[in-house]
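Here is a friendly walk through a protein and DNA model, written for someone who likes to check each contact on screen. Please keep the structure open as you read.

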Protein chains: 2
Amino acid sequence: MRDRKSGYGGCPEGEGCPVEFTLDVIGGKWKGVLLYHLIDGTKRFNEFRKICPSITQRMLTLQLRELEEDGVIHREVYQQVPPKVEYSLTEFGRTLEPIILQMKQWGETYKKKARSLIFNGPGQSS
Amino acid sequence: MRDRKSGYGGCPEGEGCPVEFTLDVIGGKWKGVLLYHLIDGTKRFNEFRKICPSITQRMLTLQLRELEEDGVIHREVYQQVPPKVEYSLTEFGRTLEPIILQMKQWGETYKKKARSLIFNGPGQSS
DNA sequence: CCGCATCCGTTTTGATACTG
DNA sequence: CAGTATCAAAACGGATGCGG
């Protein structure tokens, strides 16, 4: 996933699945979620932990690093006695907003439906 | 990822990040790509392998199984002497098309830009 | 206290070979 | 053709410890 820059695996070179490229940026285990929460404003490290308690510090650090590496988020370090690091979307990162928001909308719409589908079945009436 | 049905990790229950839900469906390592290629028609197992050579049979099987389990694709098995299995989007799966297509469009738009950013740097005038 | 790196056990992914 | 089995590698989760 990190070696994206050294050739895409999925499709013949020169082509390269656009979807693969996009998923490499937002498809990481938590990246989409982190980006989603960055849409409505700057966040600190521990804020993410509060919002998404099941992310480990380790993964949070790694995912944020990768997002930073990809140029979609900015990492502002305040050299203070109580350390403070703020993460925000870059210009480039904002171009992902439509996708993230659409994913949010789809999730909202189909989470309930999916549950009823999964648990009750689509055409499972008697 | 598979135990999605038994509680979301990211957010407090009752809430549940919609984005997380969506990414659970399309965010798997190859799921988005597979779905993307299913948009323009039914595909057979080996067709996927040709389109995305770097997917191993193992992962292809696993990812397709999960997509099937999530109800977004349909697996049609033809009981023939040369086995034949066709994968296609379900009704539910088609609801993901807008997202996939938007990811495709974003990828197309920014793949080149990202490359120039990554390889040449933002302010590196030729 | 906040952010992050390291060690270790568990889970996921990859590579290869084999089967109906 | 469409998978399955097996083993090795990498990613991930949890706990701990360090620097500021």
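How many nonpolar, polar and charged residues does the surface near DNA strand C have, by class? That surface has six nonpolar, four polar and six charged residues. Here Ala, Val, Leu, Ile, Met, Phe, Trp, Tyr, Cys and Pro count as nonpolar, Asp, Glu, Lys and Arg as charged, and the others, Gly among them, as polar.

A word on conventions. This is a predicted model, in which local features need pLDDT of at least 70 and side-chain atom pairs count only at pLDDT 80 or more, while totals for chains, interfaces and linings use all residues. Residues are numbered from 1 along each chain as its sequence is written, chains are lettered from A and ligands numbered from 1 in the order in which they are written, and side-chain values use heavy atoms, with hydrogens and water left out.

**Around DNA strand C**

DNA strand C is surrounded by 16 residues, and the closest are Asn46(A), Arg75(A), Arg58(B), Met59(B) and Pro83(B); a residue is near a strand if one of its heavy atoms lies within 4 Å of it. Of the atoms of DNA strand C that come within 4 Å of the protein, 64% belong to sugar and phosphate. The table below lists polar contacts to both DNA strands, a polar contact being a pair of N or O atoms within 3.5 Å; within protein, one must be able to donate a hydrogen and the other to accept it, and residues adjacent in sequence count only if both atoms are side-chain atoms.

| Protein atom | DNA atom | Distance |
|---|---|---|
| Asn46(A), polar side-chain atom | strand C, phosphate oxygen | 3.1 Å |
| Arg65(A), side-chain N or O atom | strand C, phosphate oxygen | 3.3 Å |
| Arg58(B), polar side-chain atom | strand C, base nitrogen | 3.1 Å |
| Arg58(A), polar side-chain atom | strand D, base nitrogen | 3.3 Å |
| Pro83(B), polar backbone atom | strand D, sugar or linking oxygen | 3.2 Å |
| Val85(B), backbone N or O atom | strand D, phosphate oxygen | 3.5 Å |

Two or more residues of the surface near DNA strand C come from each of α3 (45–51), α4 and β3 (84–89) of chain A, together with α4 of chain B. Helices (H or I, at least four residues) and strands (E, at least two) are DSSP runs, numbered from the N terminus.

**Around DNA strand D**

DNA strand D has 17 residues around it, of which Thr56(A), Met59(A), Arg44(B), Arg75(B) and Tyr87(B) come nearest. Sugar or phosphate holds 80% of the atoms of DNA strand D within 4 Å of the protein, and the rest belong to bases. By class, the surface near DNA strand D has six nonpolar, four polar and seven charged residues. At least two residues each are supplied by α4 (57–69) of chain A and by α3 (45–51), α4 and β3 of chain B.

**The sheet of chain B**

What is the strand order of the open sheet in chain B? The order of its three strands is β1-β3-β2, with antiparallel pairing; two strands pair if DSSP finds at least two bridges between them. β1 (43–44) and β2 (73–78) of chain B stand at the edges with a single partner strand each, so one side of each is left without a neighbour in the sheet. Strand β3(B), residues 84–89, runs antiparallel to β2(B) and is joined to it by six bridges. Tyr87(B) in β3(B) is the bridge partner of Arg75(B).

Helix α2 (residues 31–39) of chain B packs on this sheet, touching β1, β2 and β3 of chain B, and its direction makes about 90 degrees with that of β3(B). Helix α4 (residues 57–69) of chain B also packs on the sheet, touching β2 and β3 of chain B, at about 115 degrees to the direction of β2(B). Contact means heavy atoms within 4.5 Å. Axes are lines fitted to C-alpha atoms, for helices over the stretch in contact, and angles run from 0 to 180 degrees between N-to-C directions.

**Chain A and its covered helices**

Chain A has six helices and three strands, in the pattern α-α-β-α-α-β-β-α-α along the sequence. Buried residues make up 45% of its 126 residues; buried means under 20% relative accessible area, exposed over 50%, partly exposed in between (1.4 Å probe, protein chains only).

Helix α1 (residues 18–26) of chain A is mostly covered, with nine of its nine residues buried. Helix α2 (residues 31–39) of chain A has eight of its nine residues buried, including Leu34(A) and Tyr36(A). After α2(A) comes Gly41(A), with a positive phi near 125 degrees.

Val25(A) lies in helix α1 of chain A and counts as buried because its relative accessibility is 3%. Among the residues that Val25(A) touches are Leu67(A), Leu96(A) and, in the other protein chain, Trp106(B).

Key:
Lists of a residue's contacts leave out its neighbours within four places in sequence.
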